[in-house]
Amino acid sequence: MCAATTVNRRIVLARRPQGPPVPEDFRLETHPVPSAGPGEALLRTRYLSLDPYMRGRMNEGPSYAPPVALDAVMTGQTVSVVEASSLPAFRAGELVVANVGWQDYGVSNGHDLVKIDPASAHPSYALGVLGMPGLTAYVGLLDIGQPRSGETVVVAAATGAVGSVVGQIAKIKGCRVVGVAGGARKCAYAREELGFDDCLDHHASELRQRLAAACPKGIDVYFENVGAAVLAAVVPLLNVGARIPLCGLIGWSNLEKLPAGVDRTYPLLLTVLRQRVKIQGFIILDHYNRMGAFQQDMRGWLREGRVKYREDVIAGLENAPRGLIGLLQGENFGKLIVRVAEV
């Protein structure tokens with residue numbers, strides 16, 4: 001990247017997807033590197049996080065956050081290095097968590113920046129197990145799911161950035177943990193490396209029957225981040241007083257209209273009523289007051305080897321669209337990160 005000091009590559013939203021995103025929905029542009037003015041810092045992206053929420057931001061219409069505008073840089077959290085700064089709190093050379101998005105360089109007024117410990121061996125962990133996905137798992141499971149020792153916890157996308165942490169925290173809390181993941185290799189990893197009691201391949205047939213066999217005492221907590229067929233398999237197994245923290249529905253993220261087939265609204269709500277199930281949606285932006293306690297616990301669990309973490313790293317900003325497309329199809333194995341610049 002010899003030209004990186006004068007050229008800023010940006011990936012913008014070229015058009016709004018119709019169904020699953022395709023490469024033509026993105027456009028790679030080059031612009032001059034921006035300048036930081038008074039009260040600002042110039043940031044260079046080292047790592048870019050790819051996350052399921054990005055698909056929702058590509059749609060037009062009301063949501064919990066504004067959509068990405070057409071021809072605007074795709075949104076995304078980054079690990080960035082401070083290149084220049086007139087902010088007293090941030091010096092050139094420091095690493096920070098920022099919101100530069102899908103580009104080489106960005107400018108910040110410092111309000112959204114969080115310093116990364118310079119001694120950290122894995123700065124990219126700030127985008128995963130020690131960052132937003134890890135906090136999502138922690139808050140959703142502990143604050144909303146409130147698992148008790150001996151209960152059964154089920155989590156979909158079990159080897160992803162959130163699901164893998166959910167399952168491991170549930171094991172720390174003394175629960176039986178059953179994951180659902182895409183493929184035999186991922187399921188073996190969940191069982192053999194992450195310590196799940198069982199993990200089921202959602203690509204195989206008869207998921208509902210296999211889940212019932214894996215949860216002989218029913219399900220007390222279902223961490224919901226997928227929806228679709230996994231939710232349909234879970235509902236008949238929910239125990240009285242079950243809790244469902246709901247942080248995403250990636251299985252339906254590309255829908256342009258309601259899915260064809262049987263309307264499962266009635267059996268879902270009937271189960272919620274009869275079994276006194278609590279379903280609570282949450283957006284992690286509302287829970288950053290829990291970051292301190294989360295990081296203290298998570299750093300300890302990582303240090304003790306009680307939580308293991310896997311990254312799926314893509315090299316090159318230009319490959320971010322392909323990465324997001326694959327993420328939404330379940331192709332990633334672990335937290336998906338784009339390495340934008342070498343150290």
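Start with a charge above a ring. In this predicted model, Lys115 lies over the face of Phe90, at 5.7 Å from the ring centre. A second case involves Arg310. Its partner is Phe333, and Arg310 sits over the face of that ring at 3.7 Å from the centre.

Stay with Phe333. Its ring also pairs with the ring of Tyr189. The centres are 5.3 Å apart and the planes meet at 90°, an edge-to-face arrangement. Where do the two residues of this pair lie? Tyr189 is in helix H4 (residues 184-192). Phe333 is in the loop between helix H9 (320-328) and strand S15 (335-339). The two parts are 144 residues apart in sequence, so the pair ties them together. Both Tyr189 and Phe333 are buried.

How many aromatic pairs are there in total? The count comes to 6. One of them joins Phe26 and Trp102. Their ring centres are 5.6 Å apart, and their planes are at 10°. Planes under 30 degrees apart count as stacked, so Phe26 and Trp102 form a stacked pair. Phe26 belongs to strand S2 (residues 26-32). Trp102 belongs to the loop between strand S5 (95-98) and strand S6 (105-108). This pair therefore ties together parts that are 76 residues apart in sequence. Are these two residues buried or exposed? The cut-off for buried is under 20% relative accessible area. Phe26 has 8%, so Phe26 counts as buried. Trp102 has 0%, so Trp102 counts as buried too. Elsewhere, three rings group together: Tyr138, Phe294 and Trp301 form one aromatic cluster.

Now turn to opposite charges. The structure holds 16 salt bridges. One of them links the side chains of Arg290 and Asp143, with N and O 2.9 Å apart. Arg290 lies in the loop between strand S13 (278-281) and helix H8 (291-304). Asp143 lies in helix H2 (residues 132-145). The parts are 147 residues apart in sequence, so this salt bridge ties together distant stretches of the chain. Arg290 has 24% relative accessibility and counts as partly exposed. Asp143, at 29%, is partly exposed as well.

Compare a second salt bridge, between Arg243 and Glu151. Here the closest N and O atoms are 2.6 Å apart. Arg243 sits in strand S12 (residues 238-246). Glu151 sits in the loop between H2 and strand S8 (152-156). Again the pair ties parts together, because 92 residues of sequence lie between their positions. Are Arg243 and Glu151 buried or exposed? Both are buried.

A third salt bridge joins Glu304 and Arg306. Their closest N and O atoms are 3.9 Å apart. Glu304 counts as exposed, with 53% relative accessibility. Arg306 has 43%, so Arg306 is partly exposed. Salt bridges can also link up. Arg10, Arg27, Glu29 and Asp71 are connected in a network of them.

Last, consider the confidence of the prediction. The mean pLDDT of the protein is 93. A value of 70 or more is reached by 96% of the residues. Which elements have the lowest and the highest mean pLDDT? Helix H6 (residues 228-234) has the lowest, at 89. Strand S11 (residues 219-223) has the highest, at 98.

Note on methods:
Residues numbered from 1 in each chain as written. Predicted model: local features only at pLDDT ≥ 70, side-chain atom pairs only at ≥ 80, totals over all residues. Heavy atoms only, no water. pLDDT = per-residue confidence, 0-100. Helix = DSSP H or I, 4+ residues; strand = E, 2+ residues; numbered from the N terminus. Salt bridge = Lys/Arg side-chain N within 4 Å of Asp/Glu carboxyl O. Buried < 20%, exposed > 50% of the residue type's maximum accessible area, 1.4 Å probe, protein only. Phe/Tyr/Trp six-rings, centres within 6.5 Å; stacked < 30°, edge-to-face > 60°. Lys NZ or Arg CZ within 6 Å of the ring centre and 35° of its normal.
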